[in-house]
Each structure stands twice: as C-alpha cells, then as structure tokens.
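Got the viewer open? Let's take a short tour, one selection at a time, starting with one chain and then moving to the other.

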Amino acid sequence: MKKLILLVVVTLFVTGTFAQSDKYIASMKSNIMAIDTSYKNPADLLTLANKFERIATAEKNQWLAYYYAALCQVNYTYMESDKTKVDAIADKATELIDKADVLQPNNSEISCIKSMIASSHMMVNPMQRYMEYSTEINSFMEAAMQQDPTNPRPEYLKGQALKYTPEQFGGGCGTAKPVLESALDKFNKFKTASDIHPNWGKSRVELLISECK
Amino acid sequence: MKRGLILLFLILSLTAKAQVRIAGKIMDNRGKPVNGVSITLNGTYDGATTDSLGNFSFLTTEKGKIILQTSIIGYRPFEQELTIGSNPITVNITMKELVTELKAVVISAGSFVASDKNKGAVLTALDIVTTPSANGDVTSAFKTLPGTQQVGESEGLFVRGGSATESKIYMDGNLVNNFFYSSTPGIATRGRFNPFLFKGTIFSTGGYSALYGQALSSALILESKDLPEKTEADLAISVIGVGGGIQHLAKDKKSSWGISYNYTNLWLGFAINKQKQDFFQIPVYHQGDANFRIKTKTGGFIKYYGYISANKTGFKNNDIDSVILKNAFAIENLNTYQNINWRENVGMGWKLTTGISYSTNKDDITNELQDANNQKQIITNPSFYSFKNFTLNNRAQYAQIRFVAEKKLNGLNVIRFGSDYFYSKEKSTYTLYDGSQFTESVTDNLESVFAEADVFITNDLAAKVGGRVEHSQIVDKWNIAPRLSVAYKFADNSQASFAYGLFYQNPERKYLPTVASLDYSRAAHYILQYQKISSQRTFRLEAFYKKYSDLYKTATSLTGREVAFNNNGFGHATGLEFFFRDKKTFRNVDYWISYSYLDTKRDFLNYPQSITPSFAANHTAAFVIKKFVLPWKTGFNLSYNFATGRPYYHFAYDHVQSKYVIGDAGKTISYNSMSFSVNYLPNLGKKNPKAFAVWVLGINNVLGQNQVFNYNYNNSGSRKEAVTPPSKRFIFIGCFLSFGIDRTQDAINNNL
C-alpha cells in the first residue's frame, strides 16, 4: 500500500515535471512558428510578444522566452507607423533582452537583438540620431560576430543595413551583396542547438540577395 | 482504499482539465478601450492581449485564488485577485495612464525650441548654420521665425514690438552681456558665439519662465553641449579669415577639453564685396576660447567655458550736415567671458545647479570730423558740430552667481526654485573736442528669488506656475512678477496653450546715471497658441497682446546727455503669427514659412507722442527651403525674407513749446532679401577619409534688391539720407575641414 502511494506520488511528480517541460517546449514551438506568419499583422506580433513574456515570467530562468519576447517587440517597432511610439516599445524590448542577458551572458543572438533595438531608436529620426546610435548598432553587431563567428544573423543585419544605406554613403547593393552572400553561406552551415533556439533570417537574406541581382 | 485513491486521482486530474473562461474589457480613465494590453494570470502561461475594442478572453485550468495582472506601455500596471471556481469570470478593468514625457502636452506658448533631442523642437543646431540668411549667426536664424523683425541697421532681436534691449540672452542660465560685438553706427554686428557650442536653444518670444527676468520682450536661452562625441580637430578657411580648434574627449568618455582660435580679417571679404563705407581700419578680430567638461559620478556635469576677443574697426561716412566733410568712426574692443556651471543629482529626485559667470568689456571709440584730405576739423559754430569730435571709453565688469534647486515629484511634476545675484559696474569717460572730460559710473546689485512648478494634471492638461521677485539697487524697489502657462492636448495630438506673465526691466545703461527717481518699466504678456507637431511637420498659430507701462522717458541733462527722466512712457503690441514647417510633402526637401502681423505703438525715450516705433513693420514673412542632392553630394539652401516698410521720424525740438515734435515722418520701402547657399561635401561616402571637408558658397541678397532700413536726418531736419546695408550683396566662400570625426555626417543626415 505504502509502495502504491509512493508510486502514485512519484508518477504524479514525474509526469508533472515532464508535463511542465513538455508544456514549455510545446508552447515555445507553436509561438515560434506563429512568428513567421505574424508579419502580416503587427497586432499578432504584439500578442506573441505578450505570450513569450508570460512564458518567461512563469518559467523565470528560460532566456529563450525573454529572447523571443524581445525579438517580437523589436520587430513590432519596425512595423509601427507612428514613430512617436517607437522609443517606448524599444525600451520595453531592452528590458526583456536585459533579462535574457542575465540568464545567458555573452550570447551572440542577444547581442543581435541589442543591435536591432539601437536601429529602432535611430529610425525614429535618422537625421538627428545617427551620430548617437550608429556606434551602438555597430558595436553590438561586432560583439555578436565575435561571440559566435558561425552565427549568420549579425552578418545578415549588417548586410541589410548596408543595402538600405545610399551608395553615396558607402552602402547599396555593391557593398551589401558580398556580406549577404557570406551570411547565406553561414545560414547553410548553421545548426541550431534545439528546435526552439533562434533559426530565423535565411529566407530574408535570400530575398535581399535576389533584389541585388 | 486502493480504489478510493485511484478514484481521487482520477477526479483530481479531471477537475484539473476543466477549463474556465476569463473574459472582459479594458478601458482607460476616459472610458476609451485600450488596445494591446497584456493580461496574465500570475505565474502561469495563461493570458491574452486585448483587441482594438479593449476586449480579451482566454481559458485557464487554474483553480482557486490567483492574481490577474494587466500591463501595457504608458499605463500604470494593474493587479486584481480572482477566485477561479467552475463558472466563467468577467473582469472589466480601468487602467490609469502614466504621465510620460512622450505623451504629455508640451508647455509651449510663446517659445520656440531649437534642439536635437527635445520633442517640441522647431529647429536643430544644424538648421542654424544651413539657413542662408543667417550666415552661421545664432540669432539671425531666429529671424526666419515669426515674432522677430528684419532689422538690418543694428544687431539684436526685435521681438513683437519690443526694442533689441528688451531681449536678453542666457548661456547655461547666466546672462550674457555683450552677446553681440560692439555696435557700430548703421552696421549690424554678429553674435560672438559659434552655434556648435550649443546643444539646445529656447527662443521665447514672450511669456517666458520665472527663472529669467529683466527682459520686457524676449529671452534667448542657450544650453551648452555636454561631452563631444569624439576627439576631433577642425580648421576653417574662408574669405573672412582662418580658424582652428581641437576638442579632446578622454578615453573613459567622462571628461573633455577644447580650445579654439579664430582670426577674422575682412580685407579679402571687402575686396570681393565692395562696401559703401570707406574703411580706414579693415575689421580685424582675434577670438580664442577654451572649455572643459567633466561628468560627475551621479551623472551631473561641471562645465567651464572661457572666451576672449579683441577686435578693431574704423570707417568713414559722409557727414550728413555738411556734405563736404566726413565722419570717421573707430572702435577697439576687448571682451572676456567666463562661465562655470555645476549641475549635480543629489538623490531623492533633487537636482542642484550652480553657475558663476564673470565678464569684462572694454570699448574705445573715437569719432572725428575730417575734411577731404582726412584732416581733423574742429568746428564750434554751429555748436552741434563741436560734438562730432569726441572719444568715448567704456569699461564694464559683470558678475553673476546663480543657484537653482529642482525636485522631481511623481510623474513629470517638478518644482524648482532658486536665487540669482547679479553685479554690474559700468564706467564711461566722454572726452570732448576741447579735452573736457565727463566720467560717469553706474553700479548695480540685482538680487532675485524665483520659484516655479510644472504641474501635469493628466497627460493632456499641464500648467507651469511661477513667480519672481527682484530688487535692483538702481531702482531701489522690489518687483513681483507672476508667470503662468497652461497647455491642453486634444485627441488628435494638437494642442492649445495660454501664457500670461509680468516682466520688469531696468533703464538702459546709456540713459544712466540720472537724478530722477525711477521705477521699473513693465510689460504684461497674454499669449494664445495652437500647435500641431508630428515628426515631419510643425504647424503653429499664435496670437498675443502685450501691454507696456512705466516705460522710460528721457530728457536732456545739464551736461547735454540724454538721461532717463521718468516712467511716463507706455505702449502696446498686438499680433498674429503663423509658422509651418514640412519635411514630408516633397522628398528630400525641407521648408518652412513664417508670417507675423504686428500692430504696435509706444511713447518712450524722446518720442513726442505715441507712435509706431521705427523698428516695427506691420507684416513680416520668411521662407526657407533646403534640399540635399545625394548624387551631387551637395546641399542647396534658399531663404527669402520680407517685411513691409517701417516708419521713420525726425524729432525736431520746438523751442516755443520747449519739447520735441515730429518734424518729418515717412515709411521706408518694403524689405526684400533672397539669400542662397550651397554646401558641397566632396569626401562624402569615402571609406575612412583622413579629413572631411565642407565647402560653402553663400550669397546674401542674391537679386541685389534695394534695402532701406531707416533714414538719418541732418540737424535741421531739412535733409535725409537712407540707411542701407554696407554692400548690396555679400558673397562668402569658405572651406571647413574636420579631422578625426565625420562632422559632415551631421550635415547630410540633417538633409536626408
């Protein structure tokens, strides 16, 4: 009898924890999948950001949940047409990525997000903010490259920034294409650590390269 | 027992699977739905995000007491405890908006903000240097904004019917005396300071803050830069001179120092641009400055700025009374200015700022009546000729200590208060043709205490309430100046503001000393404004009424000097102003339009009656347009300034009535001036160039339109002569090089 009780308790406990972990992986997977379709509607991106943040807050020690919450917020800033709102959303993304940074220091993917946040701030008023944010954008991008030289995303961000910089300023397809091609090469070799680790950007790089032909 | 346990286990797992729906609506305190709010059951994955109608709905398997949290940017987070049973729950929540700088209304009545950061900014520092009519002069750029007059015969800002002496200029809170180079008759001088020294400028055309005083019309508040972005050196070569400087930023980015020197010699400039006056001393200026800035541990700053300048100029004009004789005017000036400012965050939301400034000014002026062979002529009959030969030596010292404490309360609410002590000693020696000397000295100790509160009732309604108390030794009376502005933001983000204030000012130094017992002159401002600012467009409309009382009237003293005599002067000014700036409609094109209507009359100084002063035009307008053409690496800037004619008068002394009467009067032709400048950036886009160059070509009054600012009369009033600019056009060519930092990036980004 005692054994049975023990068995039930152990079973409950074990399935409980398994269920918890399964639930985490499953929720993360379905939400990550939803990111790909969310670009059509910015509101979906915000809903997803909130979902990731709820997971992150409940789990407390999963950096990836904070990472994706920040990724959704920063992507949301790029789609926000009212530029006066961007700084506050970008600050929210910073708050989230800083929490990821505490759990997973010196991470290349986290540095990428920080670079993206700096570009959101700059885009609010590029004329006035260029000086202030361009150094930040580049230093995080370079940190990301150093932290993981196999990560294709920092090069993708760099190539994308170059492509949208006018030729007169040393940008344009001419300078962007080799960087994007190198990023694509890295994407082809890139192996994610798990199903829920960052693995986005390849199709975008292919699109950018095709536009430069 | 075994079965019982299994049953219990089954029941438990079944109930755990039973889901309960939680739904509701989230509104703000005005009853409007809030979109995008995140709703979370604390510690779970369960929750939702509100839709555009503020509705949310989700299922949860949680049971019992649990905390529901809601959060969204810009609102105060909200928590509520729920007890989840088996029935659906409806929760309706009201969220309170946070008062944030981003959303809050801006208290803007009467002021134009020029800054790279401030959201209410109308111009940036770079706008000042790329506005062609401004020629890189800080105050001239403000002449393209509404409220200012296109006065070209003398320096200073003439704001809303006020004279130039009614506008005061402050650097980091301290008054800057002699902001402009010393006056020369009929030729406007420039401001002394480089526009790149400042990170922000507030140009108040009325109703300004209680932190400032002693200006009946306007305050120009300049805030110097904190740390430079990088270490850099620069060099400038132009038709007016050469200059160079270095700014050094410490490796830890906590401190910096800088020095610069400029040598201006207008020989080449005058060779290219023929001057009306006959210059026997080409204007030569030496100007040096030094600064250091230290960032303190608490994020405060210690900033020092020191300036020294020596310059001289001399020119001849035909003497208006005699036609065959000439008036030779010469001035030598030495000016120093030091300002040290310490701003510290002392915790608990308190910020303390202390500033000390000290400046000196020395002017040595000589005026000679000369014949055709440049020989000095002394004529004593008629007697007024004898006063054409004189020397005037002015010596002035100014010191100021200022202290401001600021406490941040909840939200954006702030209280500030402080005190100001200003000392001035001005001495002048006037030497007549016969060697007789008159020395006069005026000392003033001006103390003031001020307090001000920013009150944000909601994001949409805010007020600035303040007051200032002053005591000047010269007047020996206290004055109390209340200030108030209120701003309200509408649903479409446009806003309306109202400002009211009383402003006091001492008599001008040149009408002192006097034996008369005087009071302060006084102005009351009433301003109503409507404004709409989006990131690419600014629109504003402002109406004002200004009432002057106790203005100074002058009389002739026993020594023949014009001195302040009583406070019987008065006046008024009413106007309507319009400003529109647009960077959106045309790609890569930025333009703005200003228009001011002014109706003003006053009786002051030696005016025989209440008249429209000669510095006031009824209609003033400016148009500025800038376009940067990337493939050519070139920026094109054009400005057009217009004003209707200004009145001019000759006051004749009527010996029968023993007073001044209007002997002659008229109106000048309207003022038109088109200026053009081109900036060429050859190194643009080059990777890591060693130096960056900006070439500038500027032409003032491109079309060579006739400009008449005023008329000078001879002694009897029988003959008048137009006061016109020294040259029809002015062509400027220059090259600015910077090493170590890409300043051109500023120029380009500003034009993108």
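Start by selecting chain A and colouring residues 40-125 and 150-213: these are its domain 1 and domain 2, with bounds that come from an automatic or database domain assignment. You're looking at a predicted model, where local features need pLDDT of at least 70 and side-chain atom pairs count only at pLDDT 80 or more, while totals for chains, interfaces and linings use all residues. To find your way around, note that residues are numbered from 1 along each chain as its sequence is written, and that chains are lettered from A and ligands numbered from 1 in the order in which they are written.

How far apart are the centres of the two domains of chain A? Taken over C-alpha atoms, the separation is 20 Å. Now zoom in where they touch: 6 residues of domain 1 of chain A are in contact with 7 residues of domain 2 of chain A (contact means that the C-beta atoms, placed from the backbone, lie within 7 Å). On the domain 1 side, select helix α5 of chain A, residues 108-124, which supplies the largest share, 5 residues. Helices here are DSSP runs of H or I with at least four residues, strands are runs of E with at least two, and both are numbered from the N terminus.

That same domain 1 side has 3 nonpolar, 2 polar and 1 charged residues. Ala, Val, Leu, Ile, Met, Phe, Trp, Tyr, Cys and Pro count as nonpolar, Asp, Glu, Lys and Arg as charged, and the others, Gly among them, as polar.

Next, switch to chain B. Its C-alpha atoms fill a box of roughly 135 × 60 × 45 Å along the principal axes. Colour domain 1 (17-95) and domain 2 (111-751) of chain B; their centres, over C-alpha atoms, are 57 Å apart. Cartoon view should show you 5 helices and 39 strands in chain B.

Which of those strands to pick? Try β13 of chain B, residues 218-224, where 5 of the 7 residues are buried. Buried means that 20 or more other C-beta atoms, placed from the backbone, lie within 10 Å of the residue's own; exposed means 12 or fewer, and partly exposed is in between. Across chain B, 38% of the 752 residues count as buried.

Now add the partners of β13(B); strands pair if DSSP finds at least two bridges between them.

- Select β10 of chain B (167-171): it runs parallel to β13(B), with 5 bridges, and B:Met171 partners B:Leu222.
- Select β12 of chain B (198-204): it runs antiparallel to β13(B), with 6 bridges, and B:Phe198 partners B:Ser224.

How values were computed:
Contact = placed C-beta atoms within 7 Å.
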